[in-house]
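I opened a notebook for this structure and kept the entries short. Each one records what I looked up and what I found.

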2 protein chains.
Amino acid sequence: MIECIFIGDELLDGRILNRNQQTISAMLSNEGFLVTQATTLLDQKDQLEDFFISAQKRSNIVITTGGLGPTEDDRTTECIAHAFNLDLIKDDAIYDKLKDYYESRNRPFYKSNIKQAYFPEGAIILNNTEGTAPGFALHHEDTWFFVLPGVPVEMETLLKKDVLPMLNTHCAEHKRFKETALFKCYGIGESECADRFAALYPLPDQIEITFQVKFPEVHIRLNSYDKKNSSTFSMLEKQMTDLLGPSCFTQDIETTYLDYIFNHLKKNKLIAAFAESCTGGLTSSLLTSLPGASDIFDFSVISYSNASKSNLLDVPVDFINKYGAVSAEVAEFMAESCLKKSKANICVSITGIAGPSGGSGVKPVGTVYFGLATNTNIVSFKEFYPTSRTRFQHLAAYKALSLLLN
Amino acid sequence: MIECIFIGDELLDGRILNRNQQTISAMLSNEGFLVTQATTLLDQKDQLEDFFISAQKRSNIVITTGGLGPTEDDRTTECIAHAFNLDLIKDDAIYDKLKDYYESRNRPFYKSNIKQAYFPEGAIILNNTEGTAPGFALHHEDTWFFVLPGVPVEMETLLKKDVLPMLNTHCAEHKRFKETALFKCYGIGESECADRFAALYPLPDQIEITFQVKFPEVHIRLNSYDKKNSSTFSMLEKQMTDLLGPSCFTQDIETTYLDYIFNHLKKNKLIAAFAESCTGGLTSSLLTSLPGASDIFDFSVISYSNASKSNLLDVPVDFINKYGAVSAEVAEFMAESCLKKSKANICVSITGIAGPSGGSGVKPVGTVYFGLATNTNIVSFKEFYPTSRTRFQHLAAYKALSLLLN
C-alpha cells in the first residue's frame, strides 16, 4: 500500500482546493507507483497520531503534506515523533540556516520558528529550497514516511528532488508494471462503450478497462499490470479499436475533441461560420478558445431574438411564422444565409429550446435543429436533449461542432 | 464525525483533480457542518467494503461520491449493500425513467444500465436531474450515508437539492455554532482585499476572515464560532462593508455576478447586444447561460475576421486600415453599429489580441478595447491582460459584461 495524508483545517472547511493529491498521484504513477489511498485530516493532535499509527501498519510508503510551518497548529512533526515514541532532536545546521534566513530579511526569529529545526531521531532531512520548512524522510518498521510541506511549489520540488529518487532506490519492489492504451471517444455514452465490449469480459487477470467521462469525451483505457500479458494486451487493443470504430477520434493523450475538429478544418482548408440561437455563442466560443482560430473561423451571428433572425440572416417573418423559429426549415435557412454572407465554406446553424420554459407539446424543451450548409449541400438534423439549460447548451454546441466533420 | 469518501481509480492515478472535496467542504461548512476526514479510495471491492464498515463505526455522517455509473468498475452501491448485509432492490420508477431516458434519445437500453435502478433496502432515492445515475441516502445504525455520483455538476445538484436539507432536518445536532457574513466582490484581487482589511487585524479569538477566489468573483467571509462574539461580529461586518464599498456587489449567497448583471438589465428595462471579436462569443454565451435571457438580450455579431467587421458591422475597410482592428475607434464603431442594427438599448463591443500570437510592440498580446454605445453616449475603454488566451478571454468577457452596469 502507498498512501498520502494531507493535513490542514483549510483543506476540510472549503477554503482550499487540494491540488497536491493529483500532483503526487500523477508523479508517482508515471514512475510505476500507484497511490492506493489518500486521506485529508484536520490539525488535531489525537486524530493525527492515531492515523499515523494505523497508516504505518497498513502501508509501505506514506507521504504526508502540511503541518510543518512555525505556527501553533502545525503539528505533523511532533505527532509523528510521539506516535512512534521517537525523540525530537535539534538539527544545528537547519537551525543556523533558519536563523540566517529570518535575519537576512530583517524579520524576527521567533521561538515558534525554532520548532522547524527539530526532527524525529533517525529522520533524513529533505532540504527545502523554496521555503523555510524542511521536509524529512523516516524509515520506521518497514514503512517509509516522506513528510513534506503543504505549499504546492515546495511540495513538488521536494517530491522531484528527493522523494522520487529515494522511492526508486529503497522501494523499487512496490513498483508495478503498467502498460496502457487510451481511446478518446465522442458521441458514445459510457454504457454503450461498456456494452460494445461485453464480449471482451471477463478480462484476464491483471488487465482492466477503465472509463472516464471528460465532457464531451469519454476516455477508455486498457491497462495491463503484468508483462506476461503483452500479447493479450495487443490483441485486446486491436479488438477495442475495431469495436469503437469511428467513435474513437484519437489515441493521443494531448488531442482534445476540439483540437481534432480544428485539425480537420485546417487540413481540409475549411473555414467555418455559425448562426447560433439557443446556444447563445457557446459554439463559437468553444472553437475560438483555440489559438489560431482565425485560420478556420470567419464569424458568427447569434440571432437570439426572432427579429434578429430576420434582420441579420434575412429569414422572412412569414417563414418563421409558418414553420416556427425552432424548425428544420429555419435551421436550413439560417445556415444557408450564413454561408452567403461569409467567406466560410462550411456553416452550421443551431435553433432550439434550451428551457427551462418556452417548450410546447409538439416542440418540448430540449428540442433542437441543426442546419449544415456547404457549397454543395444544405441539410438539417434534429436532436432532443431534455436536460438542464447548461447541459443542453453544451450538448448542442458540441453536436454543432461535430457537424463540421461531415 | 463527518466524513467524505471519494471513490475512483482516476482520483488516485493522477488523471483527475478532485474538486468535489472542496465543494462539499465549503457547502457543508456554510451550513455549520465541519468535515473531519476525507478519504479517496480505489474501485476495489474489498477495500471499499472494509472502509464503509469502519466509516460507519467512526462517523455520524458519511458522504460518498463516485462509483454509481453503469460500468463494471462502478461498485459503490453493491459494496455498501454487501458491507451492511442489505439486499439490493430494484426501483421500478427509476428503471422506467432510465429506460425512457435512453429510448427517447434513440439509444439502446443496455443490460449494464439496469444496475443503476437497484438500491440497498431502506435507501431513499435522490433524483439526479443532471445525469442518469441517481444517488441515495441510507440511515444505517445511527449513521447517515449520502451516496452521490462523482460528476461534479451532478454531485453538486444533489448536494444542494437533497443532502443539505436532509442534514438540516436529521443531523442538526452535529452542527457547530457559526455566524457568517459573506461579501461577494468583483474587480478586486485577493491581496487588495487583504490590504484594505489590514487595520482589522489581529482578529479576536474565534473570529476569522477567509478569502476564496471563484472567478470572476472573490468571496470574503467573516466567520465567528462563538455566540459571545456577536457584537464584535456586527461591528466587524459594518467595517468590512465600508472598506469594500461598491467592490462588493452582493451579500446574497445565491446571486452570482452574472445574475447581478441580469437583474440590473431587467430592472432597468435594458436590452443588450454585443459585437465580439477576440472573445469569440464567450460574452454572449455567459449572458445566455441564464434562463430568461431573451428578456434582456437581442443578438450578437462575432466579427472575428476583419472582413466580417466590414460585412456585418459596416466598419469601413479604410477605417480598419487607419486605426487597426484593435483600437478605440473600431471598438466604438462596432458598438454603435450594433446599436443601430438591433432593438437593444445598450451595446458593448470587444476587440483585442487574445494571443498567443498576433501582438506587436505598440499593441502587445493582452491589449483589448471595449466600446459602449447607448442612446445617449458612445465611449471606449482599454484594458491590458497579459496572460493565457483562455484567461484573457474570460477577463475580457466579464469586463464587457460589467460595462452593462454603466
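**Entry: a partly exposed ring pair.** I began with Phe319(A). Its relative accessibility is 23%, so Phe319(A) counts as partly exposed. I then looked up Phe333(A), which is partly exposed at 24% relative accessibility. The cut-off explains both labels: buried means under 20% and exposed means over 50%, so these two residues fall in between. I searched the whole structure for aromatic pairs and found 28 over all chains. Phe319(A) and Phe333(A) form one of them, a tilted pair. Their ring centres are 5.3 Å apart, with 55° between the planes. I placed Phe319(A) in helix H12, residues 317–323 of chain A. Phe333(A) sits in helix H13, residues 328–341 of chain A. The two are 14 residues apart, and the pair links distant parts of the chain.

Next I took a pair in chain B. Why is the pair of Tyr385(B) and Phe392(B) edge-to-face? The planes stand at 75°, so the pair gets that label; the ring centres are 6.2 Å apart. Both Tyr385(B) and Phe392(B) are buried.

**Entry: status of the model.** I noted that this is a predicted model. Chain A has a mean pLDDT of 93, and 100% of its residues reach 70 or more. For the complex, the predictor gives an ipTM of 0.80 and a pTM of 0.80.

**Entry: domains.** I looked up the domain assignment of chain A. It gives domain 1 as 2–174, domain 2 as 179–250 and domain 3 as 264–405. I then checked the centres of domain 1 and domain 2 of chain A, taken over C-alpha atoms, and found 38 Å between them.

**Entry: more rings.** I found a cluster in chain A: ring pairs link Tyr186(A), Phe249(A), Tyr257(A) and Tyr260(A). I also looked for charges over rings. Arg58(A) lies over the face of Phe51(A), 5.2 Å from the ring centre. Lys90(A) lies over the face of Tyr95(A), at 4.1 Å from the ring centre.

**Entry: the cores.** Which residues touch the most other members of the largest nonpolar core? That core has 72 residues, and the list includes Leu287(A), Leu401(A) and Leu404(A). From chain B it names Leu265(B), Leu287(B), Leu401(B) and Leu404(B). I followed Leu287(A), leaving aside neighbours within four places in sequence. Its contacts include Ile261(A), Phe274(A), Ile296(A) and Leu401(A). A second, separate core has 34 residues, among them Leu312(A), Ile320(A), Ala275(B) and Cys338(B).

**Entry: Leu265(A).** I found Leu265(A) in helix H9, residues 257–267 of chain A. At 0% relative accessibility, Leu265(A) counts as buried. Beyond four places in sequence, Leu265(A) is in contact with Leu270(A), Leu287(A), Ile296(A), Ile346(A) and Leu404(A). I also checked Lys115(A), which is 150 residues from Leu265(A) along the chain. Their C-alpha atoms are separated by 61 Å.

**Entry: Ile94(A).** Is Ile94(A) buried or exposed? I found a relative accessible area of 9%, so Ile94(A) is buried. Ile94(A) belongs to helix H4, residues 92–104 of chain A. Not counting residues up to four places away, Ile94(A) touches Gln116(A), Ala117(A), Phe119(A), Ile125(A) and Pro134(A). Tyr118(A) is 24 residues from Ile94(A) in sequence and 8.6 Å away in space, C-alpha to C-alpha.

**Entry: Ser402(B).** I moved to chain B. Ser402(B) lies in helix H14, residues 389–402. Its relative accessible area is 11%, so Ser402(B) is buried. Outside the four nearest places in sequence, Ser402(B) is in contact with Tyr186(B), Tyr257(B) and Ile261(B).

**Entry: backbone checks.** I looked for cis peptide bonds. One joins Gly355(A) and Pro356(A), with omega about 5°. Pro356(A) is in the loop between strands E15 (346–352) and E16 (367–374) of chain A. Another runs from Phe215(B) to Pro216(B), with omega near 0°. Pro216(B) is in the loop between strands E10 (207–214) and E11 (217–224) of chain B.

Then I looked for positive phi. Glu141(B) is not a glycine, yet its phi is about 45°. Glu141(B) lies in the loop between strands E7 (135–140) and E8 (143–148) of chain B. It is exposed, at 61% relative accessibility. Gln206(B), also not a glycine, has a positive phi of about 70°. Gln206(B) is partly exposed, with a relative accessible area of 38%.

Key. Residues are numbered from 1 along each chain as its sequence is written. Chains are lettered from A and ligands numbered from 1 in the order in which they are written. This is a predicted model: local features need pLDDT of at least 70, side-chain atom pairs count only at pLDDT 80 or more; totals for chains, interfaces and linings use all residues. Side-chain values use heavy atoms; hydrogens and water are left out. Domain bounds come from an automatic or database domain assignment. A nonpolar core is a set of buried Ala, Val, Leu, Ile, Met, Phe, Trp, Tyr and Cys residues joined through side-chain atoms within 4.5 Å. Buried means under 20% relative accessible area, exposed over 50%, partly exposed in between (1.4 Å probe, protein chains only). Contact means heavy atoms within 4.5 Å. pLDDT is the predictor's confidence in each residue, from 0 to 100. Rings of Phe, Tyr and Trp (its six-membered ring) pair if their centres lie within 6.5 Å; planes under 30 degrees apart count as stacked, over 60 as edge-to-face and the rest as tilted. Helices (H or I, at least four residues) and strands (E, at least two) are DSSP runs, numbered from the N terminus. A charge sits over a ring if NZ of Lys or CZ of Arg is within 6 Å of the ring centre and within 35 degrees of the ring normal.
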